[in-house]
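Here is a friendly walk through one small set of computed features. Have a look at the model first, and then we can go through it together.

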Amino acid sequence: MIDGIKGLFVGGLLGGLAGLGVCVWLLPETPFFPGDTMVAGAIICGFCGYRWGDDFFEWLKDNWHHFI
């Protein structure tokens, strides 16, 4: 359960950053306010982080040495 909550916050943060990146760097003339894409990214990634956060954090614990 705690990993799901951690996944919610990490997913929301990464989703917000991804939404800002898409709005600023990929869409030069965006029809939306940057906040819209940040909120959409935070909601989508936050849900995914909550739903699959336990599995992802367990996988990361097992395979962290491959990233160093």
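## Exposure and the predicted model

A residue counts as exposed when its relative accessible area is over 50%, as buried when that area is under 20%, and as partly exposed in between. With that in hand, Phe 9 is easy to place: its relative accessibility is 60%, so Phe 9 is exposed. Phe 9 belongs to helix H1.

Please keep in mind that the model is predicted. Across the protein, 26% of the 68 residues are buried. The accessible surface comes to about 5,200 Å², and carbon and sulfur atoms hold 75% of that surface.

## Two helices

What secondary structure does the protein have? There are two helices and zero strands. Helix H1 covers residues 2-26, and helix H2 covers residues 34-63.

How much of the contact set comes from residues far along the chain from one another, at 24 or more positions? Among contacts with a separation of 6 or more, such pairs account for 70%.

## Pairs across the sequence

Some individual pairs can be followed in the viewer. Ile 5 sits in helix H1, and its C-alpha is 6.0 Å from that of Tyr 50, although the two residues are 45 apart in sequence. Ile 5 has a relative accessibility of 30%, so Ile 5 counts as partly exposed. For Phe 9, the C-alpha atom is separated by 6.5 Å from that of Gly 46, a residue 37 positions apart along the chain.

Leu 20 is another residue of helix H1. The C-alpha atoms of Leu 20 and Asp 36 are 9.0 Å apart, with their positions 16 residues apart in sequence. Which residues does Leu 20 contact, leaving aside its neighbours within four places in sequence? They are Pro 34, Thr 37 and Met 38.

## A nonpolar surface patch

Leu 20 and Met 38 come up again at the surface. Together with Val 22, Val 24, Trp 25 and Leu 26, they make a nonpolar patch of about 610 Å². Which helix gives the most to this patch? That is helix H1, with five residues.

Met 38 has its place in helix H2. Met 38 is partly exposed, at 30% relative accessibility. Leu 20 is also partly exposed, with a relative accessible area of 33%.

## The cysteines

How many disulfides does a search of the whole structure find? The answer is zero. Why is Cys 45 without such a bond? The closest cysteine sulfur, in Cys 48, is 6.3 Å from the sulfur of Cys 45, which is too far for a bond. A disulfide would need the two sulfur atoms within 2.5 Å. Seen from the other side, Cys 48 is in no disulfide either, and its nearest cysteine sulfur is that of Cys 45.

Are these cysteines buried or exposed? They fall in between: Cys 45 is partly exposed at 31% relative accessibility, and Cys 48 is partly exposed with a relative accessible area of 32%.

Note on methods. Residues numbered from 1 in each chain as written. Predicted model: local features only at pLDDT ≥ 70, side-chain atom pairs only at ≥ 80, totals over all residues. Heavy atoms only, no water. Helix = DSSP H or I, 4+ residues; strand = E, 2+ residues; numbered from the N terminus. Buried < 20%, exposed > 50% of the residue type's maximum accessible area, 1.4 Å probe, protein only. Contact = heavy atoms within 4.5 Å. Areas by Shrake-Rupley, 256 points an atom, 1.4 Å probe, with all protein chains shown as cover. Patch = residues over 30% accessible without salt bridge, like charges linked within 9 Å, V, L, I, M, F, W, Y side chains within 5 Å. Salt bridge = Lys/Arg side-chain N within 4 Å of Asp/Glu carboxyl O.
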